[in-house]
Amino acid sequence: MAKEEKKGGFLETVKTVVYALLIAGVFRTLFFQPFWIPSGSMKDTLLIGDFLFVNKMAYGYSYASCPSVIVPSVGLNIDAKDLCGWADGDNKRLFGSEPKRGDVVVFRHPVSGRDFIKRLIGLPGERIQMKNGVLHINDTPVKLEPAGDFVELAGPQGPQRLSPRCSEGPVGEGGTCTKQRFTETLPGGSSHKILNIGNQPSDNTSAYVVPEGHYFFMGDNRDNSSDSRVPNIVNGVGFVPYENLIGRADRIMFSSAGRSMLFFWTWRGDRFFKAVE
């Protein structure tokens, strides 16, 4: 009798865990996906170590809405296409709605399939170009206003121990790292901060015409971002298909300045529930 009760208790525990995982999987697929900012390409809107939830209801659902589970340490690599590849290929979405220019969007890289987060700059059919560090949309420069310098300490940041690039050039650990900051206003009135390090090849580009059903993305840290300015065949992002959009970043839940989000003593007190603008 005791053995049967023990066996029954074990089975109930297993069922509880399975149900919990199924509920979590449905929640992550349909509603919100956690996202941990690994790099500085979106500074100062998003900092390395920001933890946020991505609103997956914002643009409807496609194959990219299915979660990818990648844990290199144990050899686990389940891609969204492994689960929902049957829905890939038509560049359409279920309950789809169009993203807005200026949205901060998480999307699947068109080649690698890894999740990226950037700002939506160019809509289908538009002509995008950088001239002397100024964004031009349909041959019209966007409005730029100085917004003071962005200052941070030089030194390794986040789990990958990435060191920031600075306007002053290489700066020793613990030194002051500065970037110019501007407020950029896009057509339609959406405004956000961008950073400038100095003259870079990406400050002057050819004109890109965004194909139908695709979008053009850029990082706010303009001189330190791999984005649509670089074709995906040469390790950039290129144009992103509509079906590759995962969701919109709306709010930062908390932020860790340390190597792990579990190091609560490194949490940034001014970023709890901060809106993403």
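**Notebook: strand E16, a four-stranded sheet and the largest pocket**

I began with E16: strand E5 (residues 104-108) joins E16 through 3 bridges, and the two run antiparallel. I looked up one pair in this stretch and found valine 106 with glycine 247 of E16 as its bridge partner. I note here that the model is predicted.

**Other partners of E16**

I went on to strand E2 (residues 50-55). I found 6 bridges between E2 and E16, again in an antiparallel run. Which residue of E16 stands opposite asparagine 55? I find arginine 248 there.

I then checked strand E17 (residues 274-275). E17 pairs with E16 over 2 bridges in the antiparallel sense. On E16 I picked isoleucine 252, which faces lysine 274 in E17.

**Just before E16**

I looked at the loop between strand E15 (240-241) and strand E16 (245-255), where asparagine 244 lies. Is asparagine 244 buried or exposed? I read a relative accessible area of 4% for asparagine 244, so I enter this residue as buried, the cut-off being under 20%.

I listed what asparagine 244 touches, leaving out residues up to four places away in sequence. I got Tyr63, Ala64, Arg93, Phe107, Arg108, His109 and Pro110.

**The sheet around E7**

I turned to an open sheet of 4 strands. I wrote down its order as E9-E8-E7-E13, with antiparallel pairing. Which strands are at the edges? I have strand E9 (140-141) and strand E13 (208-209), each of which pairs on one side only.

I took the pairs in turn. Strand E7 (residues 127-131) is joined to E13 by 2 bridges, antiparallel. I note arginine 127 and its bridge partner in E13, valine 209.

On to E7 and strand E8 (residues 134-137): I find 4 bridges, and the strands run antiparallel. Here methionine 130 stands opposite leucine 135 of E8. E7 and E8 make a hairpin with 2 residues between them. In the turn I checked asparagine 132, which has a positive phi of about 50°.

E8 in turn pairs with E9, antiparallel, over 2 bridges. Histidine 136 has proline 141 in E9 as its bridge partner. I see a hairpin here as well, with 2 residues between the strands. Asparagine 138 in this hairpin takes a positive phi near 55°.

**The largest pocket**

I looked up the space in the largest pocket and got about 1100 Å³. Which elements give two or more residues to its lining? I have strand E1 (32-36), strand E3 (69-71) and strand E6 (115-122).

I count 40 residues in the lining of this pocket. I marked those nearest its centre: Phe35, Trp36, Pro38, Asp115 and Gln160. I sorted the lining by class and got 17 nonpolar, 14 polar and 9 charged residues.

**The whole chain**

I closed with the totals. I have 2 helices and 17 strands for the protein chain. Of its 277 residues, 43% are buried.

I also looked at contacts between residues at least 6 apart in sequence. Of these, 64% join residues at least 24 apart. For accessible surface I have about 14400 Å². Carbon and sulfur atoms hold 60% of this surface.

Key
Residues numbered from 1 in each chain as written. Predicted model: local features only at pLDDT ≥ 70, side-chain atom pairs only at ≥ 80, totals over all residues. Heavy atoms only, no water. 1 Å grid on protein atoms, 1.4 Å probe; cavity = no way out; pocket = protein on both sides within 12 Å on 5 of 7 lines; lining within 4 Å. Points joined across faces, edges and corners; volume = space filled by probe spheres on them. Nonpolar A, V, L, I, M, F, W, Y, C, P; charged D, E, K, R; others polar. Pairing = 2+ DSSP bridges. Buried < 20%, exposed > 50% of the residue type's maximum accessible area, 1.4 Å probe, protein only. Contact = heavy atoms within 4.5 Å. Areas by Shrake-Rupley, 256 points an atom, 1.4 Å probe, with all protein chains shown as cover.
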